[in-house]
Amino acid sequence: MAALDEFSRQLSDRLEKVESSFADGRVFSPIAGIVANNPARAGQSLVAGTPIAEILDPTDVFVDWYVPNERLSDPKVGNEVFVLFGNRRILGEIVEILPVSDVYPGAGSSAARERTASQIARIQFSPGAHPPALNSAVDVHMHYTQLSARIASMLVKLFGLDEL
């Protein structure tokens, strides 16, 4: 009986250690943010080191623009672009150019179907801009010359579209 009492006490001590080590099942993130769409499911087994949730930093929002193959000139880092989300025009800047192969692990082009883009431009919004919701579908417009940018800016001001 004494051995069973000792074993019961050791088991209780270890259980208390485990509960205190795992904070009674509560998990805390090192940063505040938005939980991504693919959290782990209850009862799912994970290998050590596998994340149970992905926390997205809401201050680091960008757009990956799949640059169309049919274009007048190639976009460059530093080019200003407009991200269109509904009736909102959000100013942004190209901060990085990536080949599609770095981001898109697709099967590639075939004889019947051509790839829609050969590179990706990563766009960061201007400071103070209110970005669209995560995973939103947006359109990107880039002016190829300063003249077209000035004309577009004048038309936007003329029709009062900058106040939307």
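Is isoleucine 151 buried, exposed or partly exposed? In this predicted model, isoleucine 151 has a relative accessibility of 42%, so it counts as partly exposed. The residue sits in helix H3, which covers residues 146-158. It also belongs to a nonpolar patch on the surface, made up of Leu147, Ile151, Leu155, Leu158 and Phe159. Taken together, these residues offer about 550 Å² of accessible area.

With that helix as a starting point, the rest of the chain can be laid out. There are three helices and seven strands in the protein chain. Read from the N terminus, the elements follow the order α-β-β-β-β-β-α-β-β-α. The chain has 164 residues, and 15% of them are buried.

Next come the strands, beginning with a hairpin. Strand E4 takes in residues 80-85 and strand E5 takes in residues 88-99; the two run antiparallel and are joined by six bridges. One residue to look for here is valine 81, whose bridge partner in E5 is glycine 92. Just two residues lie between E4 and E5 in this hairpin. Glycine 86 is in the turn, and its phi is positive, at about 65 degrees.

A charge and a ring also meet in this part of the chain. Arginine 89 lies over the face of phenylalanine 82, and the distance to the ring centre is 4.2 Å. As for rings paired with other rings, the count of aromatic pairs comes to zero.

On to the charged side chains. Side chains of opposite charge can pair when their charged atoms come close. In this model the count of salt bridges is three. Arginine 9 takes part in one with glutamate 6, where the closest N and O atoms are 2.4 Å apart. Both residues belong to helix H1, which spans residues 2-21, and because they are three residues apart there, about one helical turn separates them. Arginine 9 is partly exposed, given its relative accessibility of 43%. Glutamate 6 has a relative accessible area of 33%, so it is partly exposed too.

Arginine 9 has another partner in aspartate 13, and for this salt bridge the closest N and O atoms are 3.0 Å apart. Aspartate 13 and arginine 9 are four residues apart in helix H1, again about one turn of the helix. At 35% relative accessibility, aspartate 13 falls in the partly exposed class.

What does the salt bridge between aspartate 64 and arginine 122 look like? Its closest N and O atoms are 2.8 Å apart. This pair ties together distant parts of the chain, with aspartate 64 in strand E3 (residues 62-68) and arginine 122 in strand E6 (residues 117-125), 58 residues apart. Aspartate 64 has a relative accessibility of 25%; buried means under 20%, so this residue counts as partly exposed. Back in helix H1, shared partners turn the salt bridges of Glu6, Arg9 and Asp13 into one network.

The last stop is the loop between E6 and E7, where a few residues approach parts of the chain that are far off in sequence. Alanine 129 is found in this loop. Its relative accessibility is 27%, so alanine 129 is partly exposed. Alanine 129 and leucine 91 are 38 residues apart in sequence, yet their C-alpha atoms are 7.5 Å apart in space.

Histidine 130 has its place in the loop between E6 and E7 as well. Here the relative accessibility is 62%, and histidine 130 therefore counts as exposed. From histidine 130 to leucine 91 the separation is 39 residues in sequence and 9.9 Å in space, C-alpha to C-alpha.

Leucine 134 is another residue of the loop that leads from E6 to strand E7 (139-142). With a relative accessibility of 38%, leucine 134 counts as partly exposed. Leucine 134 and phenylalanine 62 are 72 residues apart along the sequence, while their C-alpha atoms are 9.2 Å apart in space.

How values were computed:
Residues are numbered from 1 along each chain as its sequence is written. This is a predicted model: local features need pLDDT of at least 70, side-chain atom pairs count only at pLDDT 80 or more; totals for chains, interfaces and linings use all residues. Side-chain values use heavy atoms; hydrogens and water are left out. Two strands pair if DSSP finds at least two bridges between them. Patches are made of residues with over 30% relative accessible area and no salt bridge: like charges are joined within 9 Å, nonpolar side chains (Val, Leu, Ile, Met, Phe, Trp, Tyr) within 5 Å. Accessible areas come from the Shrake-Rupley method with a 1.4 Å probe; for residues, only the protein chains shown count as cover. A salt bridge is a side-chain nitrogen of Lys or Arg within 4 Å of a carboxyl oxygen of Asp or Glu. Buried means under 20% relative accessible area, exposed over 50%, partly exposed in between (1.4 Å probe, protein chains only). Rings of Phe, Tyr and Trp (its six-membered ring) pair if their centres lie within 6.5 Å; planes under 30 degrees apart count as stacked, over 60 as edge-to-face and the rest as tilted. A charge sits over a ring if NZ of Lys or CZ of Arg is within 6 Å of the ring centre and within 35 degrees of the ring normal.
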